[in-house]
Amino acid sequence: MIEEDAFSDPARERQIFVGRVILTSLLILALTAVLIARYFDLQINQHQDFVTQSDNNRVHLRPNPPARGVIYDRNGEILADNQSVSNLTIIRERSGDLEKLIENISALVPLSDSDVTRFYKRLKRRRPFEQTPIKFNLSEDEQAILAVNEHRLDGVKVSARLSRFYPKRDLFSHVVGYVGRINEQEISVIDPIQYSGTDSIGKVGLEKFYESSLLGNVGSEHVETNARGRVMRVLDKLDPTSGSDLMLHIDSNLQQIAFDAFAGERGALVAMDVKTGGVLAMVSAPSYDSNLFVSGISQKNYSQLLNSSDKPLFNRAIQGQYPPGSTVKPLFGLIALDNKTVSASTRIDDPGFFVMEGIDRPWRDHNSERGGHGKGVDLAKAIIESCDVFFYEMGIKTGINILSSNSSEFGLGAKTGIDLPGEAKGIMPSRIWKKENRNASWFNGDTINMSIGQGFMLSTPLQLAVMTSRIASKGKMIEPRLVKSVGGVDLLTAESSQTTDIDPKHWDYIHNSMKSVVHSARGTATSINRGLTYTMAGKTGTAQVVSISADKDYDKSKLNKRQWDHALFIAFAPFDDPQIAVGLIVENGEHGSSAAAPIARAVIDGYLQTNSDTAIASSNVLEGLNVYANQ
Amino acid sequence: MQINDFVRTMQNPGGARRISRSMHVDLILFVLLFALCAFGLAVLYSAGGKDLAYVKRQLVFMVVGFALMLIVAQVSVRSLERWAFVIYGLGLLTLLAVLIFGVGAKGAQRWLDLGFTRLQPAELMKVCVPLMISAYLSKRFIPPNFKHVFWSVVMILIPTLLIVRQPDLGTAILVFMSGFLVLFLAGLRKRYIAGSGLVAIAAIPVMWLFVLRDYQKQRILTLLSPEDDTLGSGWNIIQSKTAIGSGGFEGKGWTEGTQSQLSFLPESHTDFIIAVLAEEFGLIGVLALCTLYLLVIGRCLIIATNAQSQFGRLLAGSLASIFFVYIFVNMGMVSGILPVVGAPLPMISYGGTAILTLFIGFGMLMAISREPKQMRTQF
């Protein structure tokens with residue numbers, strides 16, 4: 001009925017319509033007011049919040065990592081360098097479904113399971129919006145494939161980074177060491193700001209010892225990035241300061257000569273500049289390639305290195321502790337002369353063995369089967385021919401207290417303080433030491449063993465080199481140093497003027513005896529003097545690996561090679577003005593004369609032939625600097 | 001009197017106004033649309049990454065649109081009314097064709113490939129449905145009785161459901177609204193309005209369980225708390241709110257919006273273009289745009305009330321109202337008060353079919369504005 005009323009009445013039609021249009025208009029105005037209120041709220045009330053959010057979106061503070069200091073040898077040859085490498089990285093915040101992404105990536109470049117598992121580990125301790133590496137050192141082909149596909153892989157970036165590179169591979173591994181990824185333990189200790197752009201840290205060797213100098217200072221930059229994380233422009237920046245370069249005393253040619261001289265044998269050698277204490281060569285054989293560790297070593301390679309019976313990771317030069325054997329004889333002789341427990345005229349008869357009163361068991365001389373060194377053996381002959389019986393007697397006469405306390409001045413039984421981490425201190429036994437460590441009293445038998453560098457006594461090849469340097473310089477307190485200068489500034493070596501107050505005639509006596517070890521016909525190292533153009537002083541040594549009761553013979557044929565004696569040698573040259581001192585060991589090399597002495601000869605030859613002039617020149621420069629510094 | 005006014009205001013009596021009258025052009029609407037298009041192109045240039053490619057293509061669509069508008073303006077309102085059913089039927093056929101032959105993107109089938117261009121038939125339905133319902137109701141009782149309301153709803157629901165099938169929920173809602181608005185303007189009784197409100201509320205759980213797809217549900221959940229998934233589905237709305245909010249009162253300046261220029265803002269040249277405008281021109285820009293829109297709608301509503309036939313009134317009124325719905329839905333969703341559905345900002349967002357459909361609508365409005373008076377004869 002209402003419909004009937006409404007039917008075909010144009011005026012009413014229009015009236016209803018106008019009413020509805022007015023309603024519509026009011027609704028439109030109301031809803032427009034809602035919209036404007038909303039935009040007003042966002043743009044005026046919440047404006048500051050959104051400005052902050054918008055800036056956080058686009059502006060990122062990016063650390064600008066410094067370039068790590070380069071390590072050079074004394075001639076400027078590079079031992080540790082920075083190389084630009086391309087790494088495949090993922091920004092988690094932009095990557096979306098990670099598993100799918102990794103699947104897509106592995107379709108383009110091969111990813112190993114360990115790449116992926118280590119990536120997830122790194123992901124856990126990344127900073128927000130950090131590029132987390134998944135694969136290192138991309139080849140050029142891989143870079144090209146990724147560059148073409150980068151737009152399909154959200155959050156994926158090929159980023160160039162500086163990575164440590166050791167051009168000499170295994171030659172300097174034990175000296176320079178290596179850097180590696182910062183681990184959880186280190187991350188809690190380091191300054192997070194200084195390391196914000198750096199993912200590696202010195203792990204061993206000089207890389208660790210000089211970490212703070214090599215690292216440099218981090219820079220930073222505010223960058224504007226787009227939604228895909230691409231940097232559009234740099235808003236401001238603070239440049240980083242590169243780490244300081246290190247220059248070593250080591251001559252890499254000499255290092256090579258020493259390394260080659262070991263020719264597959266296990267052992268270690270330290271050669272020192274007698275004037276400055278600068279280490280000229282430091283070898284521990286076998287070695288390993290430092291580059292393996294830089295971007296994380298594979299489990300397979302690592303366990304291979306770790307489980308090898310040759311222990312390539314072990315730095316024998318500073319951590320290997322061996323009985324010094326007869327190489328301590330010149331030192332002990334000197335101490336006895338100085339303490340007047342023997343004199344130049346002291347002579348003994350050597351029947352090939354030594355008998356202590358009250359003890360049935362005799363101590364044998366190493367050549368007891370040939371009837372000993374005969375009658376009238378003096379200290380010089382005891383050094384030249386390495387007569388044990390003379391030292392047994394001398395040791396008893398001098399006593400443990402004097403031997404022990406005086407030896408310390410020559411660097412035995414304490415850390416030398418070389419600029420490397422992890423140095424072992426060896427053992428210079430004493431009554432107190434035995435009480436503390438073995439809970440037993442000191443016996444004369446202990447003194448007898450010790451007097452030929454056996455028994456409890458242990459020393460590192462570095463300690464032997466330091467001892468030899470101090471003997472060569474007639475008692476100067478030379479301290480070993482690997483690094484010559486940091487960031488172009490020479491480290492002023494501590495004045496080595498402090499000397500022991502030993503009578504010069506005792507020095508001459510010991511020096512001459514050591515010269516005869518090499519140059520006289522009966523010397524134990526006479527075999528290496530053929531063709532020698534300079535005069536060398538030295539002393540051989542043999543250290544027992546398995547203890548053989550003192551009254552039994554050492555029969556090599558009954559032992560396997562790992563049980564053979566270690567061969568040792570110490571030497572310095574030239575005799576009149578000593579420049580280089582060497583201490584070395586060849587594990588299971590058997591005789592110092594045949595296995596160890598030729599290596600020392602090769603190294604000293606190499607040094608004096610090629611470096612003699614420069615060595616003298618550089619020592620003059622250093623002396624000049626010292627004078628300058630003292631003014 | 002009228003003639004005197006005419007002479008006083010126009011220097012040349014045979015000038016622009018006369019030409020526009022004879023060409024069936026409503027000059028005020030024409031100028032307003034021109035201003036909107038110019039504003040839109042300026043924003044699009046910035047939103048498209050300062051690349052002229054989008055601007056050029058949009059400009060071509062606008063030129064074609066203006067031409068189409070002028071052509072449609074020449075069609076008599078009677079013919080529009082007479083051909084409404086045929087046009088509606090053709091529209092339904094193209095919708096069916098989309099479901100069968102359509103091409104699409106992102107899991108939806110929305111376009112017909114015509115070879116030289118792609119057509120989005122759902123957009124065309126935004127004009128076809130009000131045309132059909134206006135034609136249907138203008139010949140029947142006013143206000144419409146139950147039978148007429150029923151058939152109107154059927155005619156609205158057929159294209160709506162076809163569009164839901166594509167799926168394109170946003171356009172489907174807008175198409176439904178365009179038809180419903182005709183019913184409302186025709187004087188739909190309050191009890192039907194209240195009833196349809198109840199049906200809508202009752203339909204919510206049904207829609208949620210059976211009709212809405214997962215991504216659509218996700219969008220609604222995202223509206224409630226976008227912070228739950230800042231890098232996933234919440235990303236769009238967080239970024240658009242950030243763009244709008246950081247624009248402040250004065251804006252960051254044309255082409256200086258960091259959110260849009262650095263690609264943080266998704267869909268910045270299509271559905272989210274208002275965020276670019278708000279970021280670069282600030283609240284001032286938003287108010288200017290709203291003013292322009294309200295002037296357009298106001299002019300259209302005046303045309304509607306002045307229309308000579310009931311058909312003209314209903315069609316003009318519904319076209320004017322639905323124009324506002326587009327604006328409200330788009331600006332509401334981008335600013336985070338409505339769920340994200342596919343709804344472009346009229347005359348500003350990039351998109352060919354949407355622009356052409358709008359111009360066809362405005363062409364009809366112009367035709368209605370020059371509809372010959374039935375009651376009295378001129379001159």
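**Exercise 1.** In which loop of chain A is the place of Pro574(A)? Find it, then look at the peptide bond that leads into Pro574(A).

*Solution.* Keep in mind as you go that this is a predicted model. Start with the strands: β20 (566-573) and β21 (580-586) of chain A have a loop between them, and that's where Pro574(A) sits. Now check the bond from Ala573(A) to Pro574(A): it is cis, with omega near -15 degrees.

**Exercise 2.** Work out what kind of peptide bond joins Ala285(A) and Pro286(A), and where Pro286(A) lies.

*Solution.* Take the bond to begin with: omega is about -5 degrees, and the bond is cis. Then place the proline: Pro286(A) is in the loop of chain A that runs between β12 (279-285) and α13 (299-307).

**Exercise 3.** Look at the backbone of Lys311(A) and of His24(B). What is phi in Lys311(A), and what is it in His24(B)? Decide how exposed each residue is.

*Solution.* Begin with Lys311(A): its phi is near 45 degrees, a positive value in a residue that isn't glycine. You'll find Lys311(A) in the loop between α13 and α14 (316-319) of chain A. Next, count neighbours: Lys311(A) has 17 C-beta neighbours inside 10 Å, so it counts as partly exposed.

Now do the same for His24(B). Here phi is near 60 degrees, again positive in a residue other than glycine. His24(B) belongs to the loop between α2 (16-22) and α3 (27-47) of chain B. It has 19 C-beta neighbours inside 10 Å, so His24(B) is partly exposed too. The cut-off for buried is 20 or more.

**Exercise 4.** List the buried residues of helix α18 (residues 400-408) of chain A, and say what covers them.

*Solution.* Go along the helix and pick out Ile400(A), Leu403(A), Ser404(A), Asn406(A) and Ser407(A), which are the buried ones. A handy rule for reading such a list: an α-helix has 3.6 residues a turn, so residues three or four places apart point the same way. Finally, look for the cover over the buried residues of α18(A): it includes α15 (329-338), α17 (388-398), α19 (431-438) and α20 (444-451) of chain A.

**Exercise 5.** Describe the side of chain B that touches chain A.

*Solution.* Count the contacts: 42 residues of chain B meet 36 residues of chain A. Next, find the helices of chain B that each supply at least two residues to this side: α8 (169-185), α11 (235-247), α12 (258-261), α13 (273-306) and α14 (310-334). The one that gives the most is α13(B), with 11 residues. Last, sort the residues of this side by type: 23 are nonpolar, 17 polar and two charged.

Terms used
Residues are numbered from 1 along each chain as its sequence is written. Chains are lettered from A and ligands numbered from 1 in the order in which they are written. This is a predicted model: local features need pLDDT of at least 70, side-chain atom pairs count only at pLDDT 80 or more; totals for chains, interfaces and linings use all residues. Two residues are in contact if their C-beta atoms, placed from the backbone, lie within 7 Å. Helices (H or I, at least four residues) and strands (E, at least two) are DSSP runs, numbered from the N terminus. Ala, Val, Leu, Ile, Met, Phe, Trp, Tyr, Cys and Pro count as nonpolar, Asp, Glu, Lys and Arg as charged, and the others, Gly among them, as polar. A residue is buried if 20 or more other C-beta atoms lie within 10 Å of its own, exposed if 12 or fewer, and partly exposed in between; C-beta atoms are placed from the backbone.
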